[in-house]
Every structure is written in C-alpha cells, then in structure tokens.
Amino acid sequence: GSAQAIKERCRTILTVFAKHGMASRLGTLINMLCVVYIACRQEKASRTIRELLAAFPSEKGLTTAAFGKAYKKLDAMLKAHPQDSDYTASMRGVAAVEEFL
C-alpha cells in the first residue's frame with residue numbers, strides 16, 4: 001500500500017459518503033482518521049489505530065474507544081452503499097486526506 005494508493009482509496013471512500021449525502025459526518029478528525037484507517041486496511045498497509053492516533057497527541061478525545069465507535073459507524077455506512085468511482089469527492093475531504101498523508 002503506497003501513499004498514493006492509500007490517497008486514492010481515501011478519495012473513493014469519501015466519494016461514496018459524498019454521493020449518499022453522508023459527507024457532513026466526516027467533519028471530525030476522528031472520522032477522517034477512520035477513513036484513512038479503512039483505506040490502509042483495504043490497501044493492506046500496516047497502520048495501526050495507535051499509530052494514527054499518535055500523529056495527533058494534543059487532540060483531546062482521540063482514544064482507541066472513541067475511534068472504535070466511530071470506525072464501526074463509518075464502516076457500516078460504507079458497506080451499506082456500493083462504491084461509485086465516477087463521483088467527485090468534496091474538496092474539503094480530499095484536502096483533509098492530503099493533510100493526513
């Protein structure tokens with residue numbers, strides 16, 4: 001899983017959320033980290049939850065428990081909608097992915 005492949009996968013995931021009107025739920029840092037984590041898993045990149053959370057040590061509320069709760073919600077929403085690659089992700093979401101990677 002190269003950084004470029006992970007970015008593209010994040011864009012695809014963000015596209016699915018945007019197309020189905022769920023992009024507003026991605027406004028928090030923890031939800032964006034979940035998108036990155038899902039993309040890493042899909043690309044078979046070895047990034048742990050702790051690694052992602054450690055990148056933002058000063059952020060309050062970034063715990064493994066909070067991450068797990070957010071991850072379950074986003075993963076379920078993603079699985080409920082087929083991916084549709086011809087839709088463009090919101091620039092806000094793409095910018096956030098670029099910032100993390």
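Start by selecting Y37, F67 and Y71, which together form one aromatic cluster; rings of Phe, Tyr and Trp (its six-membered ring) are paired here if their centres lie within 6.5 Å, with planes under 30 degrees apart called stacked, over 60 edge-to-face and the rest tilted. The model is predicted, so local features need pLDDT of at least 70 and side-chain atom pairs count only at pLDDT 80 or more, while totals for chains, interfaces and linings use all residues. Residues are numbered from 1 along each chain as its sequence is written, and side-chain values use heavy atoms, with hydrogens and water left out.

By the ring rule the count comes to three aromatic pairs. Show Y37 and F67 as sticks to see one of them, an edge-to-face pair with 5.5 Å from centre to centre and 85 degrees between the planes. Because Y37 lies in helix α2 (residues 29-42) and F67 in helix α4 (residues 64-79), this pair ties together parts that are 30 residues apart in sequence; helices are DSSP runs of H or I with at least four residues, strands are runs of E with at least two, and both are numbered from the N terminus.

Keep F67 selected and add Y71, with which F67 forms a stacked pair, 6.4 Å centre to centre and 10 degrees between the planes. These two residues are four apart in helix α4, and so about one helical turn separates them. Are F67 and Y71 buried or exposed? Both are buried, where buried means under 20% relative accessible area, exposed over 50% and partly exposed in between (1.4 Å probe, protein chains only).

Next, colour I13, F17, V35, F67 and L74, the residues with the most contacts inside the largest nonpolar core, which has 27 residues; such a core is a set of buried Ala, Val, Leu, Ile, Met, Phe, Trp, Tyr and Cys residues joined through side-chain atoms within 4.5 Å. Helices α1, α2, α3 (49-54) and α4 each supply at least two residues of this core, and α2 gives the most, with ten.

Then move to H20, in the loop between α1 (3-19) and α2. H20 is partly exposed, with a relative accessible area of 32%. A distance drawn from the C-alpha atom of H20 to that of L78, 58 residues away along the chain, comes to 9.8 Å.

Finally, zoom out to the whole protein, which has five helices and zero strands. Buried residues make up 39% of its 101 residues.
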